[in-house]
Amino acid sequence: MQIDHDPDEPKIDRGPGPWKIAIPVLVVIAAINFVTRDIDWISLCLGLAIGGGIVAWAVDITGNKVPDSWRSKPPGSRRS
């Protein structure tokens with residue numbers, strides 16, 4: 001099966017997205033939180049937000065594809 005493709009289709013430059021702004025802002029908020037507060041539910045939620053932002057960034061830049069080196073090899077296809 002082959003997918004129809006328009007050879008004259010323009011390339012879409014997606015750019016860096018919101019990540020160049022979002023991740024530094026979350027890190028600054030986390031640093032302020034670390035200096036001024038004790039560990040509590042707000043800190044936990046902030047950590048989850050930063051982790052989620054990093055995961056969203058990684059999915060965005062990889063196109064949600066797993067690198068070949070991470071994939072398991074079928075049995076019997078081991079390298080010698």
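This short presentation describes the helices, the buried face and the salt bridge of one protein chain.

Good morning, colleagues. The structure before you is a predicted model, and every value I quote was computed from it.

I begin with the overall picture. The chain has 80 residues, of which 8% are buried. Its secondary structure consists of two helices and zero strands. The exposed surface of the chain amounts to about 7700 Å², and carbon and sulfur atoms account for 65% of that area.

Let me turn to the second helix. Helix α2 runs over residues 41–62, which gives it 22 residues. From first C-alpha to last, α2 spans 31 Å, close to the 32 Å expected at 1.5 Å a residue. Which residues of α2 are buried? They are S43, L46, I50 and G53. Viewed down the axis of α2, these buried residues fall within an arc of 80°, and they therefore line one face of the helix. The general geometry is familiar: an α-helix has 3.6 residues a turn, so residues three or four places apart point the same way.

What does this buried face pack against? The buried residues of α2 pack against α1. On the other side of α2, by contrast, W41, L48 and V55 are exposed. Immediately after α2 comes G63, which adopts a positive phi of about 70°.

I now move to the first helix. Helix α1 covers residues 19–36, and P24 lies within it. With a relative accessible area of 41%, P24 is partly exposed. P24 can also be placed relative to I50, one of the buried residues of α2. The two are 26 residues apart in sequence, and their C-alpha atoms are 9.7 Å apart in space.

My last topic is charge pairing. As a general matter, side chains of opposite charge can pair when their charged atoms come close. How many salt bridges does a search of the whole structure find? The search finds one. Its partners are the side chains of R37 and D40, with a distance of 2.4 Å from N to O. Are these partners buried or exposed? R37 has a relative accessibility of 37% and counts as partly exposed. D40 has a relative accessible area of 29% and is likewise partly exposed. Both values lie between the limits of 20% for buried and 50% for exposed, which is why neither residue is placed in either of those classes.

To summarise, the buried residues of α2 line one face of that helix and pack against α1, while R37 and D40 form a salt bridge. Thank you for your attention.

Technical notes:
Residues numbered from 1 in each chain as written. Heavy atoms only, no water. Salt bridge = Lys/Arg side-chain N within 4 Å of Asp/Glu carboxyl O. Buried < 20%, exposed > 50% of the residue type's maximum accessible area, 1.4 Å probe, protein only. Helix = DSSP H or I, 4+ residues; strand = E, 2+ residues; numbered from the N terminus. Areas by Shrake-Rupley, 256 points an atom, 1.4 Å probe, with all protein chains shown as cover. Expected span 1.5 Å × (residues − 1). Arc of directions from axis to C-beta. Contact = heavy atoms within 4.5 Å.
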